[in-house]
Amino acid sequence: MPVVDIEEYFRIFIEGVKEYAIFALDPEGHVVTWNTGAERIKGYSRGEIIGRYFGCFYTAEDQASGKPAWVLQQALRDGTYSEEGQRVRKDGTHFWAHVVVTAIRDDAGTLKGFTKVTRDITERRRAKRLESERDAVRERERARQRFIQIAAHELRNPMQGMTGLVELIRYHFDDGEMLEDQDLLLRMLEHEVDHLSLLLTEVLEAYRTDDPSFLISTSPTRLNQVLIESIAPIQETHRARQFHLDLPASPVMVMGDAARLESVFRNLVINAVKYSDPNTHITVRLRCEHDRALVEVKDQGLGIPYADQERVFEGFYRGSNLGGRDPGGLGLGLYLARQIVDRHQGRLWIESTEGVGTTVYVSLPTLVEGQ
Amino acid sequence: MARILVLDDEATIRFVVSRVLEGAGHEVVALGSGREALELLAKDAHFDVFLMDLRVGDMTGRTLLTSLREWLPVIDFQIAVLTGAVDTDEAFPPPDWYQGLLRKPFKLAELKDLVERLVNSHA
């Protein structure tokens, strides 16, 4: 059996690898070996690169910030260092690289140099980006479908109520007699018209706030009053519910669009009503923390599964723990609320535990005297 | 005269449908939630026609009928779906589970025609 020279075997093997640039550096970072893959990926021939400092593989910015030496320090400290980043070919073009640098020490622990394995992942990154773009397109299409499905249902219901009532009223007029409960029918009709126009306003508002150039007009606004106004009509229609309104005695002022802020808090309280049992409590609290006003809308309802907690801010999203329940509405409430709070330089976030309840927080900068 | 169960979570629609069908001489029971409808049917399933919205607050039409078919051995009434939903809505029960479909917004004459057809085919 012929004797195999293992070292020679590995040298030939590594030199022949085309997909990976595999080369060695001396302890100071000068190139000492160069394989076929390195030549193919980086563009330097063996003769050109042997003996040169490996910093030439980095971008001008990385070179200026001393990154090549830093990379060797990391490998020295931890034994190995890896990252994905931009590298430069001989012709100056950039590519995305996955790089592993390993410190090589002899048995006595003396540093002998470094090995460097570089893979060109430009194609992989491009494929990944394309895939995520395709995912985004698919998600937009799903959102569109969701919108059509929800809007169809939500808009046709008040339409049905209206056409039905109009027909009822007309039949009676055709008979030439006044209806006994004509007032009731007209009030119901009015209610349906209001409901429909509220839904349409929401759709238009979502369209408007989607536009980054959309600006709200603000004026000094007393947040205490905004909260009272937004909750009053809900208390009126849900008299059996327990609402706790906890407001400070002194006014909390913000620069705001009072009508839009009212719609934000109205939506948050309506959600609290929708997603909790009638015998549970809903608390709305306002307090000041330094230069921020903090509003809490707290329920003891279904809660939002952790995985859904960011998704609920997408338009037309429905929680995944509703089963067959249909909460009604367009699913735009939280989406709009966050958009409007953002336009006030505020923050809106959720803390929720399934089965325990949800608290929605809105933090707004308070108005400083003389502002 | 027929006995009709109406299920819709919109109070106005319940009101209008009841008014029209009562005006046509029928006896109407109108309910606003799937749970109420199932509870009633468990005690009293003597209806000729069941008009159901596809999405009421607490369940879909599909869920409701699936549940109903589990414990009601014979469904001896005609079922019609009254809906504003799109065709692909997963709330739809399988097509052979119901005998009529009316899309919102519908005219009251269409409703009366549908009910008449269902009552006649039930008799």
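**Helix packing in chain A and the contact with chain B**

Helix 8 of chain A and helix 9 of chain A are oblique to each other in this predicted model, because their axes cross at roughly 45°, and an angle that is neither under 35 degrees, nor over 145, nor from 65 to 115 counts as oblique. The axes of the two helices, which span residues 223–237 and residues 258–274 respectively, come within 8 Å, and helix 8 of chain A passes helix 9 of chain A in a right-handed crossing. On the side of helix 8 of chain A, the contact is made by A:Val226, A:Leu227, A:Glu229, A:Ser230, A:Ile231 and A:Ile234, while helix 9 of chain A contributes residues including A:Leu261, A:Phe265, A:Arg266, A:Val269 and A:Val273. Sorted by class, this contact between the two helices has 10 nonpolar, 1 polar and 3 charged residues.

Chain A as a whole has 10 helices and 11 strands, and of its 371 residues 28% are buried. When contacts in chain A between residues at least 6 apart in sequence are considered, 58% of them join residues at least 24 apart.

The contact between the two chains takes 20 residues from chain A and 22 residues from chain B. On the side of chain B that touches chain A, helix 1 (11–23), strand 4 (55–56) and strand 5 (59–60) of chain B each supply at least two residues, and the largest share, 5 residues, comes from helix 1 of chain B. By class, this side of chain B has 10 nonpolar, 5 polar and 7 charged residues.

How values were computed. Residues numbered from 1 in each chain as written. Chains lettered and ligands numbered in written order. Predicted model: local features only at pLDDT ≥ 70, side-chain atom pairs only at ≥ 80, totals over all residues. Contact = placed C-beta atoms within 7 Å. Helix = DSSP H or I, 4+ residues; strand = E, 2+ residues; numbered from the N terminus. Nonpolar A, V, L, I, M, F, W, Y, C, P; charged D, E, K, R; others polar. Axes fitted to C-alpha atoms, helices over the stretch in contact; angles between N-to-C directions. Left-handed = near helix turned anticlockwise from the far one by under 90°. Buried ≥ 20, exposed ≤ 12 C-beta atoms within 10 Å, placed from the backbone.
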